[in-house]
Amino acid sequence: MDSIKKYFTQMPRELKLFMLVTIAMGMAYNMYDSTFNNYINARFELTGFQRSFLELPRELPGFLVVFVSALLWFLCSRRLGMVAMIFGAVGAILIGFVSPTYAIMTLWLFVYSMGSHIFLPLQSSIGMELAEPGKTGQRLGQLNSIRNMAAIFGSFIVFLGFRYLNFNFHHTFILTAVFLGIAAVILLAMKPNQPAPSRTFLKLHPEYKLYYFLAILYGSRKQIFLTFGPWVLVTVFDQPTQVMATLLMVGGIIGIIFQPLLGWMIDRLGEKT
């Protein structure tokens, strides 16, 4: 116990703050993920086509984020992360409280998704900034493990709320916005690093063609499953929100064990292995 206390005492301030950001962000995103499919099914009774169409406003920010980041080049990674958290918080509130129609809800989904997609690469880049030389994989594994623990706790809150505390969807969207707001405040409290605008355009290298192909396969597989896996559980098997939260908790527990191990293996065996 004393060694753990000493380890955290000697930890750099910025790393401590970013760990708190990771906890707040992990809880918020998992609360949202535990709720969203049940919410849109109960609120709008979507067809399979309508659910498929939602992936356009949800994933379009993933393409546009390169342009948004370029427009905000003058912000360092930590301040850009704060902007991302604000986007997410505002989007969550609008989805939960200002979505009278399916069409309007898709607009707010775009706002929320823009925040999450902006922060997606930043969580790794900031983590690498805070890593010791030669221990980048280990640091990212540690942060991913912390995020998984936070996700488990976020899912557990949703499970308890819907099972025992008479939660409704408004409660989870409020909590999502609150925790994303906390993450934004902590990112603002971190010391700004120097923004590093890119000096080169996107380049495709022939020797990386197999990696590009693997990235396409990975993205396609992930997108299909993330869209329809939970949706099938909700609409075909009629699983309530607390069950979805439980499944995400199980996934988070597996991640706590696997993510640090993966980071350790990357440092010692290399990314290709």
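User: In this predicted model, where is the place of Glu 45?

Analyst: Glu 45 is a residue whose phi is positive, at about 50 degrees, although it is not a glycine. Its place in the chain is outside the two helices named here, in the loop between α2 and α3 (48–53).

User: Does Glu 45 count as buried or exposed?

Analyst: A residue counts as exposed when its relative accessible area is over 50%. Glu 45 has 64% relative accessibility, so this loop residue counts as exposed.

User: Which loop holds Asn 166, and is this residue buried or exposed?

Analyst: Asn 166 has a positive phi, near 60 degrees, in a residue other than glycine. It lies in the loop between α7 and α8. Because the cut-off for exposed is over 50% and the relative accessible area of Asn 166 is 68%, this residue is exposed.

User: Which helix supplies the largest share of the largest nonpolar core?

Analyst: The largest nonpolar core has 62 residues, and those with the most contacts inside it are Phe 18, Ile 40, Met 85, Met 105 and Phe 119. Several helices each supply at least two residues of this core, among them α2 (13–44), α6 (102–129) and α10 (241–269). The largest share, 16 residues, comes from α2.

User: Which residues does Phe 119 touch, leaving aside those up to four places away in sequence?

Analyst: Phe 119 is listed with Phe 18, Ile 40, Met 85 and Met 105 as having the most contacts inside the largest nonpolar core. When residues up to four places away in sequence are not counted, Phe 119 touches Phe 18, Val 21, Met 25, Tyr 29, Gly 81, Ala 84, Met 85 and Leu 187.

User: What accessible area do the residues of the nonpolar surface patch have together?

Analyst: The patch on the surface is formed by Val 250, Ile 254, Phe 258, Leu 261, Leu 262, Trp 264, Met 265 and Leu 269. One of these residues, Leu 262, lies in helix α10 and is partly exposed, with a relative accessible area of 33%. Together the patch residues have an accessible area of about 730 Å².

User: What distance separates the C-alpha atoms of Ile 254 and Met 149?

Analyst: Ile 254 is found in helix α10 and is exposed, with a relative accessible area of 54%. Along the chain, Ile 254 and Met 149 are 105 residues apart, while in the model their C-alpha atoms are separated by 10.0 Å.

Conventions:
Residues are numbered from 1 along each chain as its sequence is written. This is a predicted model: local features need pLDDT of at least 70, side-chain atom pairs count only at pLDDT 80 or more; totals for chains, interfaces and linings use all residues. Side-chain values use heavy atoms; hydrogens and water are left out. A nonpolar core is a set of buried Ala, Val, Leu, Ile, Met, Phe, Trp, Tyr and Cys residues joined through side-chain atoms within 4.5 Å. Buried means under 20% relative accessible area, exposed over 50%, partly exposed in between (1.4 Å probe, protein chains only). Helices (H or I, at least four residues) and strands (E, at least two) are DSSP runs, numbered from the N terminus. Contact means heavy atoms within 4.5 Å. Patches are made of residues with over 30% relative accessible area and no salt bridge: like charges are joined within 9 Å, nonpolar side chains (Val, Leu, Ile, Met, Phe, Trp, Tyr) within 5 Å. Accessible areas come from the Shrake-Rupley method with a 1.4 Å probe; for residues, only the protein chains shown count as cover. A salt bridge is a side-chain nitrogen of Lys or Arg within 4 Å of a carboxyl oxygen of Asp or Glu.
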